[in-house]
Amino acid sequence: MRTQVGIIGAGPSGLLLSRLLQLNGVDSVVLERQSADYVLGRIRAGILESGTCGMLRQARAGERMDAEGLVHSGIELCSGSRRQRIDLAALTGGKTVMVYGQTELTKDLMDAHEAAGSHIVYEAKDVAISELDSDTPKLTYIKDGAEHTIVCDFVAGCDGFHGVSRRTIPEDQLNTYERVYPFGWLGLLADTKPVGDELIYVNSERGFALCSMRSRTRSRYYIQCALHENVEDWPEERFWETLSTLLPSETAAKLETGNALEMSIAPLRGFVAEPMRHGRLFLAGDAAHIVPPTGAKGLNLAASDIHLLSTALIAFYQNGQSELIERYSDNCLARVWKAQRFSWWMTTLLHRFPDASAYDRQLQMAELNYLAQSTAAQTALAENYVGMPYEDGK
Ligand code: RFL
Ligand code: PHB
């Protein structure tokens with residue numbers, strides 16, 4: 001079978017790319033290793049930058065987000081007895097973020113594809129890329145025991161951190177950069193009223209906590225955990241008790257507990273692979289880079305990669321221009337590294353590092369003091385949190 005763009009992975013990156021190409025007359029096929037239900041069962045991001053919201057609308061899949069998403073104009077930082085609201089809107093000339101779960105965004109994209117009759121193959125096993133150095137790279141996969149081949153002009157590797165695309169690029173052609181943090185996040189999702197109207201990021205002496213939400217009736221909480229811990233070590237009651245001890249007492253007093261819909265542990269890592277293009281293979285989203293979730297940037301970076309990639313491919317097919325294809329990797333990476341820096345900074349500011357000295361702890365306190373007193377420092381946080389501009393990524 002023949003297509004213009006072969007896309008590996010039906011997470012947010014792959015689904016968004018395929019949809020934008022489709023709306024601009026470019027043909028694609030998406031190959032996903034898992035079932036659609038499995039993809040929808042993964043509880044991940046919750047905060048969308050305005051650029052990401054714009055992409056979803058551009059994909060004509062933004063209606064439900066606009067109806068049900070919660071617009072947030074601030075976040076709160078807590079440390080000891082200090083509580084500080086960062087007024088995102090006032091500090092950025094009116095910019096806000098949208099609380100709308102990755103699960104919902106993915107479902108909206110899946111529904112739009114289904115209505116359009118898009119070609120998405122779920123449970124495609126053993127996906128492999130070959131003839132990458134030719135003008136017609138090939139994708140092979142197994143479905144229901146039979147092998148299939150797709151001949152493409154380009155391949156988009158949207159298959160996440162553990163996918164096959166990045167591993168197909170010869171090692172000596174790729175530079176990788178990585179920081180693994182010595183802790184993880186244990187998350188719990190529950191149908192309880194969120195403890196606050198806005199997100200609360202907590203730096204406590206006993207560790208980090210985050211109070212987030214998916215709606216006015218669905219909460220998402222995270223607490224810092226040790227790397228060696230498993231979800232089985234954390235009965236729900238232990239989670240709620242620990243969360244209460246991390247929160248400021250007046251917040252803990254308001255905490256509504258309830259049955260967990262989901263609990264999971266995520267390791268924290270910063271990772272970048274450069275360049276993000278190898279001949280006719282493009283890497284996008286988590287396939288090329290990972291950020292620790294503290295800055296809420298992972299999904300938003302995936303969306304900005306897809307903005308640049310879809311624009312480049314559409315310019316190629318509509319006008320025969322390859323300039324944006326040539327610039328794709330550099331343009332993405334400029335924004336990626338800014339988000340890496342911000343995510344590292346938020347993570348360092350708010351977590352308890354097992355090997356931190358008293359000096360390191362004082363530095364954290366000084367940084368939080370500075371944030372409390374300086375509008376310039378708050379503005380720097382706010383402009384990164386709402387998202388750096390897309391433009392050409394410089
Ligand atoms: P995904 O979502 O990992 O999708 C990749 C897809 O590729 C499939 N796949 C393959 N398919 C075919 N063949 C293969 N060999 C394949 N290998 C893999 C996979 O099954 C999957 O369906 O990557 P994508 O699309 O680039 O999207 C990236 C985002 O999912 C990710 O960056 C965010 O979830 C990160 N993230 C957050 N981002 C934000 O912007 N805001 C947040 O608030 C936020 N919170 C989070 C997060 C990630 C978290 N975890 C679990 C790491 C909170 C958490 C806890
Ligand atoms: C979430 O709601 O899952 C979430 C929100 C903000 C973050 C990370 C995760 O920084």
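**Notes on the two ligand sites**

1. Let's start with ligand 1: helix H10 gives three residues to the shell around it, the largest share. Here "near", for shell residues, means having a heavy atom within 4 Å, and helices (H or I, at least four residues) and strands (E, at least two) are DSSP runs numbered from the N terminus.

2. Before going on, keep in mind that this is a predicted model, where local features need pLDDT of at least 70 and side-chain atom pairs count only at pLDDT 80 or more, while totals for chains, interfaces and linings use all residues. Residues are numbered from 1 along each chain as its sequence is written, chains are lettered from A and ligands numbered from 1 in the order in which they are written, and side-chain values use heavy atoms, with hydrogens and water left out.

3. Back to ligand 1. There are 32 residues around it, and Ser13, Glu32, Gln102, Asp286 and Leu299 come nearest. By class, 14 are nonpolar, eleven polar and seven charged (Ala, Val, Leu, Ile, Met, Phe, Trp, Tyr, Cys and Pro count as nonpolar, Asp, Glu, Lys and Arg as charged, and the others, Gly among them, as polar).

4. Have a look at the polar contacts of ligand 1 (pairs of N or O atoms within 3.5 Å). An oxygen atom of ligand 1 sits 2.7 Å from a side-chain N or O atom of Ser13, and the side chain of Arg42 likewise has an N or O atom 2.7 Å from a ligand oxygen. Taken alone, ligand 1 exposes 1,000 Å², and the protein buries 89% of that (areas by the Shrake-Rupley method with a 1.4 Å probe).

5. Now ligand 2. It has 13 residues around it, with Tyr201, Ser212, Arg214, Tyr222 and Pro293 coming nearest. Eight of the shell residues are nonpolar, three polar and two charged. Strands E14 (199-204) and E15 (207-213) each supply at least two of them.

6. Which side chain has an N or O atom 2.8 Å from an oxygen atom of ligand 2? That is Tyr201. Backbone atoms join in too: one from Arg44 at 3.3 Å and one from Thr294 at 3.2 Å. Of the 280 Å² that ligand 2 exposes when taken alone, the protein buries 97%.

7. Why does ligand 2 lie between two domains? Because domain 1 (5-72 + 87-178 + 268-386) and domain 2 (185-267) both give residues to its shell; the bounds come from an automatic or database domain assignment.

8. Zooming out, the protein chain has 13 helices and 20 strands. Of its 394 residues, 54% count as buried, that is, under 20% relative accessible area with a 1.4 Å probe, protein chains only.

Methods:
A polar contact is a pair of N or O atoms within 3.5 Å; within protein, one must be able to donate a hydrogen and the other to accept it, and residues adjacent in sequence count only if both atoms are side-chain atoms. Buried means under 20% relative accessible area, exposed over 50%, partly exposed in between (1.4 Å probe, protein chains only).
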